[in-house]
Amino acid sequence: MAYIKLISETEADGKLKEIYQNISSKRGKLSNIMKIHSLMPDTMSKHLDLYLSIMFSNSNLSREEKEILAVVVSKLNNCDYCVNHHAEALNYYWKDKNRLKNFIEKLDDSAFGDKFRLAVKYTSKLTTSPSSVLNDDIEELKQIGWTDEDILAINLITSYFNFVNRIALGLGVEFTDDEIKGYKY
């Protein structure tokens, strides 16, 4: 149960109902992380726009890689809500629950190349010790082949999920097995 009041889909009217319907049409259903904004519908709408921009825009990172980074951040922050949501999305690509379970435990996977491992390392450092990130970390990413645009995308994904983890953890956003399934990936 969330720590603050939520307005359900059946209770929603006016602008909130319209936003709920818009989210459901774009994502396939309404998540609890969006519903937590129900008292401030404009922030919900802007939150969705930010999410879609970061996770679905064209970039050199695949949707699968973006979901991997989402799981890394969420696991490091002990955010079960986001780990489970984005593990479900990641498994849409992997279709291997065993691999997924092992990845969540180790935050590594034998299929990752050195280049992507370095992105995971940067994501981990930015999540757990942001003030320790230095220009040397960025230069290391560049030397292995990440462009400035790629590095910005990695940073935005990492920063976004740190933001969302804090919403979920700070307001008691919960999930059910049914709630984490059925989204458009």
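# Briefing: helix packing, core and loops

Asparagine 78 counts as exposed, because its relative accessibility is 59%, over the 50% mark. The model is predicted. This briefing starts with that residue's loop and then turns to helix contacts, the core and two residues of helix H8.

**Two loop residues**

- Asparagine 78 sits in the loop between H4 and helix H5, which spans 80-94.
- The phi angle of asparagine 78 is near 55°. That is a positive value in a residue other than glycine.
- Lysine 95 lies in the loop between H5 and helix H6, which spans 97-106.
- Phi of lysine 95 is near 55°, again positive in a residue that is not glycine.
- Lysine 95 has a relative accessible area of 63%, so it is exposed.

**Helix H3 against helix H4**

- Two packed helices are described by the angle between their axes and the distance between the axes.
- Helix H3 covers residues 41-56, and helix H4 covers residues 63-76. Their axes come within 9 Å and cross at roughly 120°.
- The crossing angle therefore makes H3 oblique to H4.
- H3 brings Tyr51, Ile54, Met55 and Phe56 to the contact. H4 brings Arg63, Lys66 and Glu67.
- By class, the contact of H3 with H4 holds four nonpolar residues, no polar ones and three charged ones.

**Helix H4 against helix H9**

- Helix H9 runs over residues 148-171. The axes of H4 and H9 come within 9 Å, crossing at roughly 45°.
- That angle is why H4 counts as oblique to H9.
- The crossing of H4 and H9 is right-handed.
- On the H4 side, the contact is made by Lys66, Leu69, Ala70, Val73 and Ser74. On the H9 side are Ile154, Ile157, Thr158, Phe161, Asn162 and Asn165.
- The contact of H4 with H9 divides into six nonpolar, four polar and one charged residues.

**The nonpolar core**

- In soluble globular proteins, nonpolar side chains tend to be buried together.
- The largest nonpolar core here has 54 residues. Those with the most contacts inside it are Ile68, Phe103, Phe116, Trp146 and Phe161.
- H9 gives the most to this core, with nine residues.
- Phenylalanine 161 touches Tyr51, Met55, Ala70, Val73, Ser74 and His86, leaving aside residues up to four places away in sequence.
- Of these partners, Tyr51 and Met55 belong to H3, while Ala70, Val73 and Ser74 belong to H4.

**Two buried residues of helix H8**

- Isoleucine 138 is part of helix H8, which covers residues 135-143.
- Is isoleucine 138 buried or exposed? At 19% relative accessibility, isoleucine 138 counts as buried, because the cut-off is under 20%.
- Isoleucine 138 touches Tyr122 and Ile151, not counting residues up to four places away in sequence.
- The C-alpha atoms of isoleucine 138 and isoleucine 151 are separated by 7.5 Å. The two residues are 13 residues apart along the chain.
- Aspartate 137 is also placed in helix H8.
- Aspartate 137 has 12% relative accessibility, so it counts as buried.
- Which residues does aspartate 137 touch, not counting those up to four places away in sequence? They are Tyr122, Lys125 and Ser132.
- Tyr122 is thus listed as a contact of isoleucine 138 and of aspartate 137.
- Aspartate 137 and lysine 121 are 16 residues apart along the chain, and their C-alpha atoms are separated by 9.4 Å.

Key:
Residues are numbered from 1 along each chain as its sequence is written. This is a predicted model: local features need pLDDT of at least 70, side-chain atom pairs count only at pLDDT 80 or more; totals for chains, interfaces and linings use all residues. Side-chain values use heavy atoms; hydrogens and water are left out. Axes are lines fitted to C-alpha atoms, for helices over the stretch in contact, and angles run from 0 to 180 degrees between N-to-C directions. Helices (H or I, at least four residues) and strands (E, at least two) are DSSP runs, numbered from the N terminus. Angles under 35 degrees count as roughly parallel, over 145 as roughly antiparallel, 65 to 115 as roughly perpendicular and the rest as oblique. Contact means heavy atoms within 4.5 Å. Ala, Val, Leu, Ile, Met, Phe, Trp, Tyr, Cys and Pro count as nonpolar, Asp, Glu, Lys and Arg as charged, and the others, Gly among them, as polar. Buried means under 20% relative accessible area, exposed over 50%, partly exposed in between (1.4 Å probe, protein chains only). A crossing is left-handed if the near helix is turned anticlockwise from the far one by less than a right angle, and right-handed if clockwise. A nonpolar core is a set of buried Ala, Val, Leu, Ile, Met, Phe, Trp, Tyr and Cys residues joined through side-chain atoms within 4.5 Å.
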